[in-house]
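Here are my notes on the model you sent over. Have it open while you read.

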Amino acid sequence: PIILPFLLQVKPQFESRANMNCVVFTAIEYKTQVVAGTMYFIKVQVSDAEYVHLKVFQSLPHENQGPSLVNFQTGKTRDDPLTYF
């Protein structure tokens with residue numbers, strides 16, 4: 001698994017918006033896009049066979065804001081390519 005320190009901060013945002021309770025929440029792969037901060041596209045395992053793709057914005061450090069879940073896609077598999085969305 002990949003360690004992204006802010007991932008657990010995003011978990012409650014995702015669970016609330018997706019109406020899911022995730023026992024597993026493990027990053028498998030990620031890509032970044034530099035904007036005024038960093039946009040992360042993260043493939044996350046949420047159960048034995050279920051994956052989601054998250055789009056998370058992390059502002060610049062001096063702004064002192066936590067990560068924000070911008071968008072997500074559910075119903076993904078481990079083999080689905082991680083794309084910008």
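**Sheet first, then the helix**

1. The core element is an open sheet of 4 strands, ordered β1-β2-β3-β4 with antiparallel pairing (strands are DSSP E runs of at least two residues, numbered from the N terminus; two of them pair if DSSP finds at least two bridges between them). β1 and β4 are the edge strands, each pairing on one side only. From one strand to the next, the twist averages 15°.

2. A word on provenance: this is a predicted model, with local features needing pLDDT of at least 70 and side-chain atom pairs counting only at pLDDT 80 or more, while totals for chains, interfaces and linings use all residues. Residues are numbered from 1 along each chain as its sequence is written, and side-chain values use heavy atoms, leaving out hydrogens and water.

3. Look at β1 and β2: 9 bridges join these antiparallel strands. V34 has T38 of β2 as its bridge partner.

4. Now α1, residues 7-18 (helices are DSSP H or I runs of at least four residues). Its 12 residues should span 16 Å at 1.5 Å a residue, and the end C-alpha atoms are 16 Å apart, so the two agree (the expected span is 1.5 Å times one less than the number of residues). N19 follows α1 and has a positive phi, near 55°.

5. Which residues of α1 are buried? They are L7, V10, K11, F14, E15 and A18 (buried means under 20% relative accessible area, with a 1.4 Å probe and protein chains only). They cover an arc of only 140° around the axis, which puts them on the same side of α1 (the arc is taken from the directions from the helix axis to the C-beta atoms). Their cover includes β1 (26-35), β2 (37-45), β3 (51-58) and β4 (68-76) (contact means heavy atoms within 4.5 Å).

Notes
Buried < 20%, exposed > 50% of the residue type's maximum accessible area, 1.4 Å probe, protein only. Axes fitted to C-alpha atoms, helices over the stretch in contact; angles between N-to-C directions.
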